[in-house]
Amino acid sequence: MLREGQILYTYLHLAPDPDQTKLLVESGATCVAYETVTDAEGGLPLLAPMSEVAGRMSVQAGAHHLEKAQGGRGVLLAGVPGVAPAKVLIIGGGVVGDNAASMAVGMGADVTILDRSIPRLRQLDNEYEGRARCVFSTNAAIEEYALEADLVIGAVLVHGAAAPKLLSSNLIKRMKKGAVVVDVAIDQGGCFETSKATTHDQPTYIVDGVVHYCVANMPGGVARTATMALNNATLPYAIALANDPVGALFTNPNLQNGLNVHKGSITYKAVADALGYPYVPADEALKAYAQ
Ligand SMILES: NC(=O)c1ccc[n+]([C@@H]2O[C@H](COP(=O)([O-])OP(=O)(O)OC[C@H]3O[C@@H](n4cnc5c(N)ncnc54)[C@H](O)[C@@H]3O)[C@@H](O)[C@H]2O)c1
């Protein structure tokens with residue numbers, strides 16, 4: 001159906017998807033992937049809205065599954081006067097982790113954020129002003145805080161790599177029974193050894209008494225909010241592409257970084273390397289387009 005001269009502009013995630021990549025290469029179409037478009041600071045502006053949604057949702061989902069009827073240990077995140085709040089551990093203080101922390105702090109939980117980036121920990125420390133502990137992430141710190149946690153949120157990302165397994169099955173076995181782990185990084189393979197992807201229909205399963213929530217597409221559960229958030233970020237590029245596709249891709253290096261496939265060539269190095277295609281730099285491939 002797709003053909004040369006057409007532009008496909010959406011999430012593609014081609015590196016782990018050889019079948020879709022082959023069909024897009026054969027189509028000759030120009031394919032711009034949301035997930036590799038960059039901004040002036042080197043961030044990923046079309047991924048951020050989904051991370052914001054998933055981060056905020058992770059605490060909502062975790063709080064719900066801490067309820068006894070959901071398999072949780074029957075703990076209220078905020079506690080009440082006379083009863084201590086729940087302990088929430090967030091591993092990874094990026095967009096997901098920050099949004100999770102703001103929800104957990106807002107709900108009155110006892111929050112710890114672990115990250116491996118000192119500059120990021122500094123930012124978070126300034127932001128939360130003592131309302132969340134910001135701690136350097138080591139195996140020892142993960143073990144210490146996971147063993148006392150009621151809710152653990154996995155929010156790490158190592159760019160271009162599968163998520164590291166930060167909670168081992170052995171550690172999960174030693175956690176409190178009825179604790180909840182929410183593996184937001186499940187779309188990158190998951191950061192807990194016991195994680196496997198679930199859906200909104202059946203979001204959780206239990207391993208060694210610990211409730212696992214591993215929904216691979218969390219924003220799908222709040223599709224209205226997620227769609228509006230995504231449109232806010234994608235629309236300006238869509239208008240630029242519609243008005244002048246060649247000009248937009250040539251002149252805007254951040255949009256050009258989104259070009260993954262063009263006229264039968266793979267123009268994104270990580271995808272070419274992952275799937276064994278020759279890599280053609282985007283500006284080279286686009287020259288043919290301009291002629
Ligand atoms: N399941 C879903 O629906 C859904 C939705 C959005 C995002 N995600 C996923 O959530 C994850 C996080 O996304 P993000 O946008 O917050 O990424 P991000 O790049 O903004 O943040 C990731 C953070 O993880 C930290 N980190 C890396 N290794 C670590 C380690 N060993 N210990 C502690 N911290 C470590 C990094 O320093 C960084 O601050 C990604 O895997 C993303 O794909 C999933």
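Which residue of strand 4 stands opposite Leu89? The legends below address this and the surrounding elements.

**View 1. Leu89 stands opposite Thr112 in strand 4 of the predicted model.** Strand 3 (residues 87-91) and strand 4 (residues 110-115) run parallel and are joined by 5 bridges. Helices (H or I, at least four residues) and strands (E, at least two) are DSSP runs numbered from the N terminus, and two strands pair if DSSP finds at least two bridges between them. The model is predicted: local features need pLDDT of at least 70, side-chain atom pairs count only at pLDDT 80 or more, and totals for chains, interfaces and linings use all residues. Residues are numbered from 1 along each chain as its sequence is written.

**View 2. Seven strands form an open sheet of mixed pairing.** The strand order is 5-4-3-6-7-9-8. Strand 5 (132-136) and strand 8 (204-207) are the edge strands, each pairing on one side only. On average, neighbouring strands are turned by 20 degrees against each other, direction ignored (axes are lines fitted to C-alpha atoms, for helices over the stretch in contact; angles run from 0 to 180 degrees between N-to-C directions).

**View 3. Helix 3 (residues 95-106) packs on the sheet.** Helix 3 touches strand 3, strand 4, strand 5 and strand 6 (151-154), contact meaning that C-beta atoms, placed from the backbone, lie within 7 Å. The direction of helix 3 makes about 170 degrees with that of strand 4. Helix 4 (residues 118-128) lies across strand 4 and strand 5, at about 170 degrees to strand 5.

Technical notes:
Two residues are in contact if their C-beta atoms, placed from the backbone, lie within 7 Å.
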